[in-house]
Amino acid sequence: MTKEEFLAKLQNRLAGLPREDLEERLTFYSEMIDDRLEEGLTEEEAIAEIGSVQEVAAQILADTPLTKLMIERVKPKRSLKVWEILLLVLGAPLWIPLLITAIAVLFTVYAVIWTVALVLWSVMVAVFFVGLGGMIAAAVIALRDSILTGLSLFFAGLCLLGLSIFMFFGCKAATQGLLLLTKKIASGIKALFVGKEIVS
C-alpha cells in the first residue's frame, strides 16, 4: 500500500471526525511515514510498521472524546430552514425523552457491568476475612473448649483462605474482561458517530 492509499483509506475511515482533527491526524501520519522513508524504509515497510488502517483508526477513535464526536455529528453542515427548525421544536417532546432514555440505558448498562466487578471483589474479600476469622476463632475454641472443634474450624478457615486466593485471580481476570467489554462498547458507540465500523 502506498502512502497516498493509506492516507485516503484513513481519511475515509475517519470521515466523522471534526475537520481540523482529521487534518491534524492525516498530517501526523503523513509526517510519520515521511520520517520512516528518510530512515531508508520503503513505503510498504513504513506503513506496515505503523499498522493497518483499521488499527490506526481504532486508536484515533479511542483517543477522541465521545462529546467531540457527538458535537460534530449533531452540528448542522448547513443552515437549517424554517420548516426544519419548526419540526425540531415540535418534535422535541418526542425526541428529548428518547435521548434522555438512551443516555439512561447506556449509563445503566455501564453501572451494571461495574457493579458485577464490585460484587465479585466484595465476595472475595468477604471469603478471605471469614477464613481469617475462622482461623482466629479456631485458636480460641481449641484453647477454651474442644480441640477437635477448633481443628475442624481451623481447616475450614484455611480452605476459605485458599479459596480466596483462587477467587482473587478469577476477580482479576473478570475485571480485565469487563474493562475490555466497556472499551468495546465505547468504541462501538463512537463508531456510530463516525459512521464507520471500527474494531479495536
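The following legends describe close-up views of a predicted model.

**Figure 1. Overall architecture of the predicted chain.** The secondary structure consists of seven helices and zero strands. Read from the N terminus, the elements follow the order α-α-α-α-α-α-α. The chain has 200 residues, of which 27% are buried. Among contacts with a sequence separation of 6 or more, 72% are between residues 24 or more positions apart.

**Figure 2. Helix α2, residues 19–38.** Does the length of α2 follow from its residue count, and what span should its 20 residues have? At 1.5 Å a residue, the expected span is 28 Å, and the end C-alpha atoms of α2 are 28 Å apart, which agrees. The buried residues of α2 are D21, L22, L26, Y29, S30, M32, I33 and R36. Seen down the helix axis, these buried residues fall within an arc of 165 degrees, so they line one face of α2. The face turned away from this buried side carries the exposed residues E20, E24 and E38. Just after α2, G40 adopts a positive phi of about 105 degrees.

**Figure 3. Surroundings of L22 in helix α2.** The relative accessible area of L22 is 3%, so this residue is buried. With neighbours within four places in sequence left aside, L22 is in contact with Q11, L14 and L17. L22 and L10 are twelve residues apart along the chain, and their C-alpha atoms are separated by 9.3 Å.

**Figure 4. The salt bridge between K3 and D34.** The structure holds two salt bridges, and one of them joins the side chains of K3 and D34 at an N to O distance of 2.7 Å. K3 belongs to helix α1 (residues 3–13) and D34 to helix α2, so the pair ties together parts that are 31 residues apart in sequence. Which of the burial classes applies to K3? With a relative accessible area of 12%, K3 is buried. Its partner D34 is partly exposed, because its relative accessible area of 27% lies between the limits of 20% and 50%. Side chains of opposite charge can pair when their charged atoms come close.

**Figure 5. R36 and its contacts.** R36 is found in helix α2. R36 forms a salt bridge with E49, and the closest N and O atoms are 2.7 Å apart. Because R36 lies in helix α2 and E49 in helix α3 (residues 43–50), this pair ties together parts that are 13 residues apart in sequence. The side chains of R36 and E49 are also joined by a polar contact of 2.7 Å. R36 has a relative accessible area of 19% and counts as buried, since the limit for that class is under 20%. E49, with a relative accessible area of 48%, is partly exposed. Which residues does R36 touch when those up to four places away in sequence are not counted? They are L41, A46, E49 and I50.

**Figure 6. The aromatic pair of F28 and Y29.** A search of the whole structure finds five aromatic pairs. One of them is formed by F28 and Y29, with 5.0 Å from centre to centre and 85 degrees between the planes. This geometry is edge-to-face, because an angle over 60 degrees falls in that class. F28 has a relative accessibility of 45% and counts as partly exposed. Y29, at 11% relative accessibility, counts as buried. Y29 is also listed among the buried residues of helix α2.

**Figure 7. Aromatic rings of F128 and F129, and the cluster at W121.** A pair of aromatic rings is described by the distance of the centres and the angle of the planes. For F128 and F129, the ring centres are 5.2 Å apart and the planes stand at 80 degrees, so the pair is edge-to-face. F128 has a relative accessible area of 32% and is partly exposed. In addition, W121, F168 and F169 form one aromatic cluster.

Key: Residues are numbered from 1 along each chain as its sequence is written. This is a predicted model: local features need pLDDT of at least 70, side-chain atom pairs count only at pLDDT 80 or more; totals for chains, interfaces and linings use all residues. Side-chain values use heavy atoms; hydrogens and water are left out. Helices (H or I, at least four residues) and strands (E, at least two) are DSSP runs, numbered from the N terminus. The expected span of a helix is 1.5 Å times one less than its number of residues. Buried means under 20% relative accessible area, exposed over 50%, partly exposed in between (1.4 Å probe, protein chains only). The arc is that of the directions from the helix axis to the C-beta atoms. Rings of Phe, Tyr and Trp (its six-membered ring) pair if their centres lie within 6.5 Å; planes under 30 degrees apart count as stacked, over 60 as edge-to-face and the rest as tilted. A polar contact is a pair of N or O atoms within 3.5 Å; within protein, one must be able to donate a hydrogen and the other to accept it, and residues adjacent in sequence count only if both atoms are side-chain atoms. Contact means heavy atoms within 4.5 Å. A salt bridge is a side-chain nitrogen of Lys or Arg within 4 Å of a carboxyl oxygen of Asp or Glu.
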